[in-house]
Amino acid sequence: MRQFFLKIYPVPSFNPFKPIKSETNDAEYFQIFETLPDGLDSRIMHQAIAAYYSDYNLLTASLSPHGLSYAIGDTRSNSLEHIIYFHHDLKVDG
């Protein structure tokens, strides 16, 4: 699979190298700057990209209330299992 450009916008912005204690009201959105190629433009691929992104900053959201960050090396973390139900079709590229 070839790479494509994805930009992530944290709201509010977050600097992982200078964490501060904050409430857990983080939000983010992402933008893909091109459409998926014909061979990859399928319902399952759009769902896979959305599911991958849903994990992207899960650790940041859980550490921010404590003023900690994954980037400084002062934490240890573990992985979680979770399920995402897609009740409607979605397109991550537009």
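1. A word on classes before we start: Ala, Val, Leu, Ile, Met, Phe, Trp, Tyr, Cys and Pro count as nonpolar, Asp, Glu, Lys and Arg as charged, and the others, Gly among them, as polar. By that scheme, the lining of the largest pocket has 13 nonpolar, seven polar and four charged residues.

2. Keep in mind that this is a predicted model, where local features need pLDDT of at least 70, side-chain atom pairs count only at pLDDT 80 or more, and totals for chains, interfaces and linings use all residues. Residues are numbered from 1 along each chain as its sequence is written, and side-chain values use heavy atoms, with hydrogens and water left out.

3. Back to the largest pocket (an open set of points on a 1 Å grid over the protein atoms alone, where a 1.4 Å probe fits, with protein on both sides within 12 Å along at least five of seven lines; lining residues have an atom within 4 Å of a point). Its volume, the space filled by probe spheres set on the points, is about 480 Å³. Of the 24 lining residues, Pro10, Phe14, Glu28, Asn57 and Thr60 lie nearest the centre.

4. The second largest pocket holds about 200 Å³. Its lining includes Asp55, Tyr56, Ser77 and His82. H2 gives the most to this lining, three residues (helices are DSSP runs of H or I, at least four residues, numbered from the N terminus). By class, you get four nonpolar, five polar and one charged.

Notes. Helices (H or I, at least four residues) and strands (E, at least two) are DSSP runs, numbered from the N terminus.
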